[in-house]
Amino acid sequence: MFKKLIPTLYVIFIIASCYGPQRDCARFKQGSFSFTTQIDGEEVMTTFHRNDTIEIDYFEGKADTSSVRWINDCEYIVKKINPKNKSEEKSVHMKILSTTDSSYTFEYNIVGQSQKSRGTAIKTN
C-alpha cells in the first residue's frame, strides 16, 4: 500500500509546485487605477494615472506627481518629484505579485525598510 502511495504523492507534488500566480504585469504599466486602503480606521480611496515614467496621484482633491523607474516588468520605484517634507523624499518600491484582467495585487515598502504592505489596484480604463 505504501509503495503505491509514494508515486501518487510525487505526481501531486510536481503538479502543485508548477502552479504560480498569473502575472501579466506589462498590461499595468500604463493607465488609470483606483486603490482603497484604511487610514486611521477610515476607508479612503486614491486614484492615479501612470505612464512609463510618471505617476499622478489624486487624493482628497490634491494631485501629486512622482517619477516611475521600472526595474523589470513587475517591479518599479516611485519617487515624489516635489516632496513637501522629509518623509515624502523617500522612494517606494512597488512589486506586482499577481494580476487579473482588471486588477493587480502588489506589495510595497519604503526603500531600505523591511516592513511591507499589500494592496490591490483596479484598472479604471
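1. Contacts along the chain. In this predicted model, consider the contacts between residues at least 6 apart in sequence: 26% of them join residues at least 24 apart.

2. Secondary structure. The chain contains one helix and eight strands. Their order along the sequence is α-β-β-β-β-β-β-β-β, with the helix placed ahead of the strands.

3. Burial and surface. The chain has 125 residues, of which 29% count as buried; here, buried means under 20% relative accessible area. The exposed area of the chain is about 8800 Å², and carbon and sulfur atoms account for 56% of that area.

4. The largest pocket. Rolling a probe the size of a water molecule over the atoms reveals where empty space remains. The largest pocket holds about 970 Å³ of space. It is lined by 33 residues, and those closest to its centre are Thr46, Asp57, Lys80, Val92 and Tyr108.

5. Origin of the lining. Which strands each supply at least two residues of the lining of the largest pocket? They are S1 (31-39), S2 (42-50), S3 (54-59), S4 (62-72), S5 (75-80), S6 (92-99) and S7 (103-110). The largest share, five residues, comes from S7.

6. Chemical character of the lining. Sorted by class, the residues lining the largest pocket comprise 14 nonpolar, eight polar and eleven charged ones. For a student reading these classes, Tyr counts as nonpolar, whereas Gly is placed among the polar residues.

Note on methods. Residues numbered from 1 in each chain as written. Predicted model: local features only at pLDDT ≥ 70, side-chain atom pairs only at ≥ 80, totals over all residues. Heavy atoms only, no water. 1 Å grid on protein atoms, 1.4 Å probe; cavity = no way out; pocket = protein on both sides within 12 Å on 5 of 7 lines; lining within 4 Å. Points joined across faces, edges and corners; volume = space filled by probe spheres on them. Helix = DSSP H or I, 4+ residues; strand = E, 2+ residues; numbered from the N terminus. Buried < 20%, exposed > 50% of the residue type's maximum accessible area, 1.4 Å probe, protein only. Contact = heavy atoms within 4.5 Å. Areas by Shrake-Rupley, 256 points an atom, 1.4 Å probe, with all protein chains shown as cover.
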